[in-house]
Amino acid sequence: MWRHIASSALTFLVVLTFLLGGVILWGQNSYNTAGPLEEQICLRVEGGSSMRRVSTKLAAEKAVTSAAIFRIGAEYTDKSEALKAGSWLIPKAASMSEITEIITRGGASTCGTEVIYRIGVIRSEVEVRELDPATGRYVEKAAFDLKQEDAPSAFTDVRAEGDTRYRVSIAEGATSWQIVDALKSVDVLEGNLETVPPEGSLAPDSYEMREGDTRASVITRMQEAQEAFVAAAWENRDPDLPLDSPEEMLILASIIEKETGVAEERDQVASVFVNRLNRGMRLQTDPTVIYGVTEGKGALGRGLRQSELRGETPWNTYVIDGLPATPIANPGRASIQAAVSPAATNYVYFVADGTGGHAFAETLDEHNANVAKWRQIEAERTQSQ
C-alpha cells in the first residue's frame, strides 16, 4: 500500500513538474513573441507609476495579452524597478519584452508633445506639436512668435506636463547676435549670456533641451558641433583653394549661405567666389554690405542704398579686396562643404533668374544679358501688383 502511495505521489510530482515547466515555457513564449497591438500607440507613463499600473494600461490598450505575464516577465528580467516616466512610442505588434525595454531604458520621450523654439533669419517662433501614433507624423497644435507676451493655452498646458520634449532649432544663415537674442526668450532655459559668440562659430542644427538647462550650455554644444565639422571639412578640402585657414573657409561659407537658398547651386555659387579670388577680382556680394550696415543685429528689411554700396566697412566687398573681416552669419554644413569643394566652373558672375535660383555667366556680356532678363521679370512683377 505504501509503495502504491509513494508511486502515485512520484507520478504526481513528475506530472506537476512537467505542467509547471510547460507553463513557464508558455509564459516565456508569450512574453517574447509578437504582441496583439494592431497600430502603434503613444504610452504615457506618469511619474511615480508602478509596473502594475502600466501593465493594466497596456492590457486596456490591447498591447499585451496578459497584464500578469507582462509584470512577471519584467520582474524576472529585473526591470520592474527601472520604469521611466515619459511618453513612449510602442510599435505595432511589439512583444512584451520589447515594450519592457522601451519603457525602462530612459532618455527623451519618443512621442507625445514637443515644443520647438525655431530661431530663424527673419523671425523666431515657438511651435507646439504632438505625434499622431497612427501616422507617425507630428500635428501642429499651436505656433506663435517667440517674443509674444501672452502664450496660447496649448503652450501653457503642455508646460505643466512632465514628459514634454523641448528642442531649439537654428536656421542656417542666422547670425550669432540673432541666436543669442532669441535664446534670451526661450523660457525653459536658465542663466545669462554675457557675450555674443564669434560670428560663424555656432552650428545651425536642432538641439534637444531639458527644462532648467542653461543658455550657456546650449551655446557650448553649438560651438563644439561647429568646431568638429569645420575641422573635418578643412582637413578634406580641395587642393589649391585660395583660402589660408579654417576661419577664411568659414567666411566664404557664410557668404555662400546668404547668397542662395537653393541646395543644388551652392557649389556653383562657391565656384564664382573662388574664381574671383583666384583672379584678384572683388567679390561684390550684397550680403556682405548688409552685414556691414546691420552688423548681424537683425534683418535689414529694405533694399540697399547706393551710399551703402559705396560705404567702406570691414565687410563691404564692393570696396575691399578679398574676403571680409569675419563671417557674416553661421553657415550650415552644406555651405561649408561647398566652400571646401566648389564646382569646377569658369563662372565669375551670377544674378537672380526669377525662379528662386540664379543665372551664372563666364563673361560680362553674358552677365549683362542675364541682368537685363532679371530686370524685365522685376518690371513685369511690379506691373502685375
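These legends walk you through four close-up views of a predicted model.

**View 1. Helix 3 meets helix 4 at a slant.** Start with helix 3, residues 67-76, and helix 4, residues 96-104, whose axes come within 10 Å and cross at roughly 60°. That angle makes helix 3 oblique to helix 4. The crossing of helix 3 past helix 4 is right-handed. To find where they touch, look for I69, F70 and A74 on helix 3, which meet M96, I99, T100 and I103 on helix 4. Sorted by class, this contact has six nonpolar residues, one polar residue and no charged ones.

**View 2. Helix 8 packs against helix 12.** Here the two axes lie 8 Å apart, and the helices pack at an angle of about 120°. Helix 8 is therefore oblique to helix 12. Helix 8 passes helix 12 in a right-handed crossing. On the helix 8 side, the contact is made by M249, L250, L252, A253, I256 and E257, and on the helix 12 side by S335, I336, A338, A339 and V340. By class, nine of these residues are nonpolar, one is polar and one is charged.

**View 3. Helix 8 and its surroundings.** Stay with helix 8 and take in its whole length: its end C-alpha atoms are 20 Å apart, which agrees with the 20 Å that 14 residues should span at 1.5 Å a residue. Ten of those 14 residues are buried, so helix 8 is largely enclosed by the rest of the structure. You can pick out the buried residues as M249, L250, I251, L252, A253, S254, I255, I256, E257 and E259. What covers them includes helix 7 (215-235), helix 9, helix 10 (286-294), helix 12, strand 8 and strand 9.

**View 4. Helix 9, a neighbour that helps cover helix 8****.** Helix 9 runs over residues 266-279 and reaches 20 Å from its first C-alpha to its last, close to the 20 Å expected for its 14 residues. Ten of the 14 are buried, so helix 9 is largely enclosed by the rest of the structure. The buried residues include a run from V269 to L277 (V269, A270, S271, V272, F273, V274, N275, R276 and L277), and R266 is buried as well. Among the elements covering them are helix 8 (246-259) and helix 12 (333-340), together with strand 8 (349-352) and strand 9 (358-361). Just after helix 9 comes G280, whose phi is positive, near 75°.

Notes. Residues numbered from 1 in each chain as written. Predicted model: local features only at pLDDT ≥ 70, side-chain atom pairs only at ≥ 80, totals over all residues. Heavy atoms only, no water. Helix = DSSP H or I, 4+ residues; strand = E, 2+ residues; numbered from the N terminus. Expected span 1.5 Å × (residues − 1). Buried < 20%, exposed > 50% of the residue type's maximum accessible area, 1.4 Å probe, protein only. Contact = heavy atoms within 4.5 Å. Axes fitted to C-alpha atoms, helices over the stretch in contact; angles between N-to-C directions. Parallel < 35°, antiparallel > 145°, perpendicular 65-115°, else oblique. Left-handed = near helix turned anticlockwise from the far one by under 90°. Nonpolar A, V, L, I, M, F, W, Y, C, P; charged D, E, K, R; others polar.
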